[in-house]
Amino acid sequence: MNDSVSVMPNPSPSQSSPPNQPYLLANLPDILPEGKAFPRRAQQQIDLLLLALEALELGGSELMLASAKRLELTPIIANRVSLWRLRCCNPWRRSHTHRNLTPDQAKALVLIVGDRAKQLTALLRQLLLAEQQLRSRNLPLDNHFRLSEYLERFRAHFKSRMNNRRVRVMLYNESRQELNELAVELLQKLIFCTGTVGTQRLWFSLFDGEVS
Amino acid sequence: MNIFRQYSLPNCTLILEGFDDGTGNALQTLAVLSNAECRFVTSRQSLNGGKVFFDHLVRAVSEYAQGLLSGIHHPVDAVQENGQMLIEAMPHHQGHRLLWQQSGAEVADNATNEVYLTTAEIFDLTEAIDQFLADGLTLPNFVLPLAPLSRRYCVPEESLAERVTPPLIGVSGFALTAFALFFAPIPDRVRPVEGDVNGSNNPTEQTTNGTVPPGAEASGADLDALVTKVSEIDDTLSLMMMQSYLYRTLDGAWTERPEGQMAAYRLSMTPEGSIVGYQPIDGTSPDIVNETPLPELSYASVDEAIANGKPVGQFKVVFKDKVLQVSPWHGFEGEVEFDNSQVRGDALRQLIRNTRVAITTALGTESVDTSQPLRYSVGVTDDGAIAFYISETSLAETSVNKTPLPKLIKPDAAGIVPGQSLIPTKPLTQVNVVFRPNGVVEVSPWAGYR
């Protein structure tokens, strides 16, 4: 067995055995050298994925906290406020705190993303299928009720939380089409997080281009 | 005996066929792969191949999945000898294309080697491969560690040209500004022209120059002795008259003016117009004096002046860059006042009238070309002769040749004779003369009509 990929036996969306926290965090190795700041792009990615999860299901943030509790990540993410503070490390946020995530905090967030995504696997597949079918027939994405609901919620969340002074954010805000594309892209990334080693894949992908 | 392993996902089924390596484990281990097949049930496509195909498939799919997650394209390894697996995204979100090319002797023509997959299918394929990798009983030595993409392969979003442009513009703008400012002239250091108010000690030059008339270049000690023994003239009019005489004399005598010359001297002059002595100041070297007109003038001896006991005037003379500057050593104190005549009443009015007539007649039909009024104080004797003029403003001084005043003055009428006296000896009426831009000449008594 290789060292960097370790796997939970019998993965299935319904069952989630609660391994203890050190084991889980150890699953995600530290990639950057000590003291190097967490990459900005990665912080953006994590927050956007969490945003997509919120848009998928109402009450998303409560469910995220429940995941944190179940995965025994409460030392890192104790309550709603600390979760929000960690998410505000995203430079695009209005309430950007100009702080960086520590590796442990980032790992905790990634684990939450994975856990929530796994629970929403069925919905994710459904939406992706709808999207693919609509595109193959050249129909607008709003035709599917559930998909358009997701897109609308995503756009609303994005507009209300992201700092419009940033050029990228402004460009997104001006184009409904672009925001929709972003939302669908995030759906596709989320489905990859539902796999057996989804969390690890996500974790490693965050550092693409950041290491020599 | 063949062993089959199957990993089923909603969109994709991965079937591996092979056999045991015969080590006699209790559990059957698929140690040698003979065939691998991917069946995409929804789109009814399938991929097929042997170990080589499977090797490439696993690597390519894993890298591609990481690329989808991060948004950064993961490059495929260079074409290897035995084949190439290419996965790429289709434009306009139409899905992904997977292309397998096997080179070498065994090219299976009947197996399809190009498929078009949706994202969900790609994910299911990835998941199937991940499950295979996790499976300890199938090809246990096949490991594929995940690793982030090195920066070397990461192509930045903006090209190098775009990223370099702003700093380049900034640096070149800075360079251009510096270059342009290079041509801005360095301001000249203006040495103060007025003499020191307190007459600080000047560096004395003890060396004598053979061509200088003996006795003319007084040493500092001599001049100081002169000043202490003999009083200085401080009357403004006298100083003005002497200054103007000195200026005219030096200006006329200074025929050769070298470039970039800088020489300054302290001069003493009697009221008759004789220079008693001069002394270099402000670090002027003694050799330069030959390039000034000072050696050519007439001099009285210092001792005679001391013996005479008459007051002398002290002046500072500067020869600089072809320009002559003469000023009293202590500057002018107070305004010019020299009205000491007794002419009054009607005679005064007549005097003024005559003066005006004289000026306007001399002006003739021309008018003085000026945009500002030119003011002069004119000294008129009791007989009506205009003895001298004093310019009230520097503009008046420079424009005086546009007026008829220089032609009209008769200094000797007031007893001003260089060599005898530079200061008027006869009583004078001080008259204001103003040449206005509209051609009017105003003549009025300085002290008013009395």
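## Two sheets of chain B and its contact with chain A

In chain B, strands β3 and β4 (residues 45-49) are paired in the antiparallel sense over 5 bridges. The model described here is predicted. The two strands β3(B) and β4(B) make a hairpin with 4 residues between them. Arg44(B), in the turn, has a positive phi of about 55°. Across this pair, Arg39(B) stands opposite Ser46(B) of β4(B).

The hairpin belongs to an open sheet of 4 strands in chain B, ordered β1-β2-β3-β4, with antiparallel pairing. Strands β1 (2-8) and β4 of chain B lie at the edges with a single partner strand each, so one side of each has no neighbour in the sheet. On average, neighbouring strands in this sheet are turned by 15° against each other, direction ignored. Strands of a sheet pair through backbone hydrogen bonds, either parallel or antiparallel.

The table lists strand pairs of chain B, from this sheet and from a second one described below.

| Strand pair | Sense | Bridges | Facing residues |
|---|---|---|---|
| β1(B) and β2(B) | antiparallel | 7 bridges | Arg5(B) and Leu16(B) |
| β2(B) and β3(B) | antiparallel | 8 bridges | Leu16(B) and Ala36(B) |
| β3(B) and β4(B) | antiparallel | 5 bridges | Arg39(B) and Ser46(B) |
| β12(B) and β14(B) | antiparallel | 8 bridges | Ser377(B) and Asn432(B) |

Leu16(B) occurs in two rows: Arg5(B) stands opposite Leu16(B) in β2(B), and Ala36(B) in β3(B) is the bridge partner of Leu16(B). Two helices pack on this sheet. Helix α1(B) touches β2, β3 and β4 of chain B, and its direction makes about 55° with that of β3(B). Helix α2(B) touches β1, β2 and β3 of chain B, at about 35° to the direction of β2(B).

The second sheet is also in chain B. It is open, has 4 strands in the order β13-β12-β14-β15, and is paired antiparallel. Its edges are β13 (386-391) and β15 (441-445) of chain B; each has a single partner strand, so one side of each is left without a neighbour in the sheet. From one strand to the next the twist averages 25°. Within this sheet, β12 (residues 374-381) and β14 (residues 428-435) of chain B are joined by 8 bridges. Helix α7 (residues 345-363) of chain B lies across β12, β13, β14 and β15 of chain B and runs at about 155° to β15(B).

Next comes the contact between the chains. Chain B gives 35 residues to the contact and chain A gives 34 residues. About 3,100 Å² is buried between chain B and chain A, and carbon and sulfur atoms give 58% of this area. Leu69(B), Phe123(B) and Leu146(B) supply 24% of the area that chain B buries against chain A, more than any other three residues.

The two chains are linked by 2 salt bridges. In one of them, Asp124(B) pairs with Arg125(A), with the closest N and O atoms 2.7 Å apart. There are also 15 residue pairs in polar contact across the interface of chain B and chain A. On the side of chain B that touches chain A, the elements giving two or more residues are α1 (51-70) and α2 (119-134) of chain B. The largest share of that side, 9 residues, comes from α2(B). The residues of that side divide into 17 nonpolar, 13 polar and 5 charged.

Over all chains, the structure holds 23 salt bridges. One joins the side chains of Asp115(A) and Arg70(A), at 2.3 Å from N to O. This pair links distant parts of the chain, with Asp115(A) in helix α5 (residues 103-119) and Arg70(A) in helix α3 (residues 60-70) of chain A, 45 residues apart.

Methods:
Residues numbered from 1 in each chain as written. Chains lettered and ligands numbered in written order. Predicted model: local features only at pLDDT ≥ 70, side-chain atom pairs only at ≥ 80, totals over all residues. Heavy atoms only, no water. Pairing = 2+ DSSP bridges. Axes fitted to C-alpha atoms, helices over the stretch in contact; angles between N-to-C directions. Contact = heavy atoms within 4.5 Å. Buried area = accessible area lost by both parts, 1.4 Å probe. Salt bridge = Lys/Arg side-chain N within 4 Å of Asp/Glu carboxyl O. Polar contact = N/O pair within 3.5 Å; in protein donor to acceptor, adjacent residues only side chain to side chain. Nonpolar A, V, L, I, M, F, W, Y, C, P; charged D, E, K, R; others polar.
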